[in-house]
Each structure stands twice: as structure tokens, then as C-alpha cells.
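I am opening a notebook on this structure and will write down each thing as I look it up.

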Amino acid sequence: QREKFAKLLCNIDKKGRLLCWWIYRLAPEFPYPTAVNDCWHALLWVDDNRDKFNGLDLSLVVAGDSAGGNLVAIMAQRSTKNGPRLPCHGFNCCFY
């Protein structure tokens, strides 16, 4: 199911943005804020390594489904204060 979601995002995006997909550690084995920190560090890593993806001039997009949608909102909020520039500040998609 997650692979379908990732493919959907790639098909929706026609403006040449950098789309990345990562896995984060889940509760209850890894309590809050583990997932938030995993996503934040992944986002910072992608932003720092844009040149490796030919993405220096591309907008960075974050997206998530279900609980990942909440993480998207947190990433967008954090990025306004001290993170990579997210022009569209992510979008929250919930697919079941």
C-alpha cells in the first residue's frame, strides 16, 4: 500500500519537485518523539544532499499518509523556524 502511495505522489507531481520516501521507527516499540526525530533527521539529510539527486533547484516536498500525515504537519511547522525551505509546506494525504 505504501508503494502505491509513493507512486501516486510521483504521478501527481508534474512540476519537478524532489520527492523522497523514508521509513521511520514506530510506536509502541519506539515511543514519542522517535518518529518525529527520524523524519526530521531524514528531511535535513535530504536537504543537505540535494546535489546528489540533481535537486539543487527543485522544491522539496513532504507528504505522508495516515500517521505520516501528522508527521508532515510537524515537519512543515519545524521547517518554518529552523529547517529547509518547504515552499508548499507539505501536504497531508490520508489514504486507507
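**Entry 1: a core residue**

I started with Leu 43. I left aside the neighbours within four places in sequence and asked which residues Leu 43 is in contact with. The list I got is Trp 22, Leu 60, Val 62, Met 75, Pro 84 and Leu 86. I note here that the model is a predicted one.

I then looked up the largest nonpolar core, which has 14 residues. Leu 43 is among the four that touch the most other members, together with Leu 60, Leu 71 and Met 75. Two of these, Leu 60 and Met 75, also stand in the contact list of Leu 43. Next I checked where the core residues come from: helix H2 (34-48) and helix H3 (67-82) each supply at least two. H2 gives the largest share, 6 residues.

**Entry 2: the overall layout**

I stepped back to the whole chain. I counted 3 helices and 4 strands in the protein. Reading along the sequence, I wrote down the pattern α-β-α-β-β-α-β. The protein has 96 residues, and 35% of them are buried.

I also looked at contacts with a separation of 6 or more. Of these, 66% are between residues 24 or more positions apart.

**Entry 3: Trp 40**

I moved to Trp 40, which I found in helix H2. Is Trp 40 buried or exposed? Its relative accessible area is 9%, so I entered Trp 40 as buried.

Not counting residues up to four places away in sequence, I found that Trp 40 touches Met 75, Arg 78, Ser 79, Asn 82, Gly 83 and Pro 84. Met 75 and Pro 84 are also in contact with Leu 43. I picked out Ser 79 for a distance: Trp 40 and Ser 79 are 39 residues apart in sequence, and their C-alpha atoms are 9.0 Å apart.

**Entry 4: salt bridges**

How many salt bridges does the structure hold? I found 2.

One joins Asp 38 to Arg 25, with the closest N and O atoms 2.7 Å apart. Asp 38 is in helix H2, while Arg 25 is in the loop between strand S1 (18-19) and H2, so I noted a link between distant parts of the chain, 13 residues apart. I checked the accessibility of both partners. Asp 38 is at 18%, under the 20% cut-off, and therefore counts as buried. Arg 25 is at 41% and therefore counts as partly exposed.

The other joins the side chains of Asp 47 and Arg 50, at 2.8 Å from N to O. Asp 47 has 24% relative accessibility, so I put it down as partly exposed. Arg 50 has 10%, so I put Arg 50 down as buried.

**Entry 5: more on Arg 25 and Asp 38**

I went back to Arg 25 to see what else is there. Its charged end sits over the ring of Phe 30, 5.3 Å from the centre of that ring. I also searched for aromatic pairs, and the count came to 0.

For Asp 38 I looked up Ile 23, which is in the loop between S1 and H2. The two residues are 15 apart along the chain, and their C-alpha atoms are separated by 8.3 Å. Ile 23 is at 69% relative accessibility, so I recorded it as exposed.

**Entry 6: cis peptide bonds**

I stayed in the loop between S1 and H2, where Pro 28 lies. The peptide bond from Ala 27 to Pro 28 is cis, with omega near 5°. Pro 33 lies in this loop too. The bond from Tyr 32 to Pro 33 is also cis, and there omega is near 10°. I wrote these down because most peptide bonds are trans.

**Entry 7: Asn 49**

My last stop was Asn 49. Where does Asn 49 lie? I found Asn 49 in the loop between H2 and strand S2 (60-61). Its relative accessibility is 10%, so Asn 49 counts as buried. The side chain of Asn 49 makes a polar contact with the side chain of Lys 52, at 2.9 Å.

Note on methods: Residues numbered from 1 in each chain as written. Predicted model: local features only at pLDDT ≥ 70, side-chain atom pairs only at ≥ 80, totals over all residues. Heavy atoms only, no water. Core = buried A, V, L, I, M, F, W, Y, C linked by side-chain atoms within 4.5 Å. Buried < 20%, exposed > 50% of the residue type's maximum accessible area, 1.4 Å probe, protein only. Contact = heavy atoms within 4.5 Å. Salt bridge = Lys/Arg side-chain N within 4 Å of Asp/Glu carboxyl O. Polar contact = N/O pair within 3.5 Å; in protein donor to acceptor, adjacent residues only side chain to side chain. Phe/Tyr/Trp six-rings, centres within 6.5 Å; stacked < 30°, edge-to-face > 60°. Lys NZ or Arg CZ within 6 Å of the ring centre and 35° of its normal.
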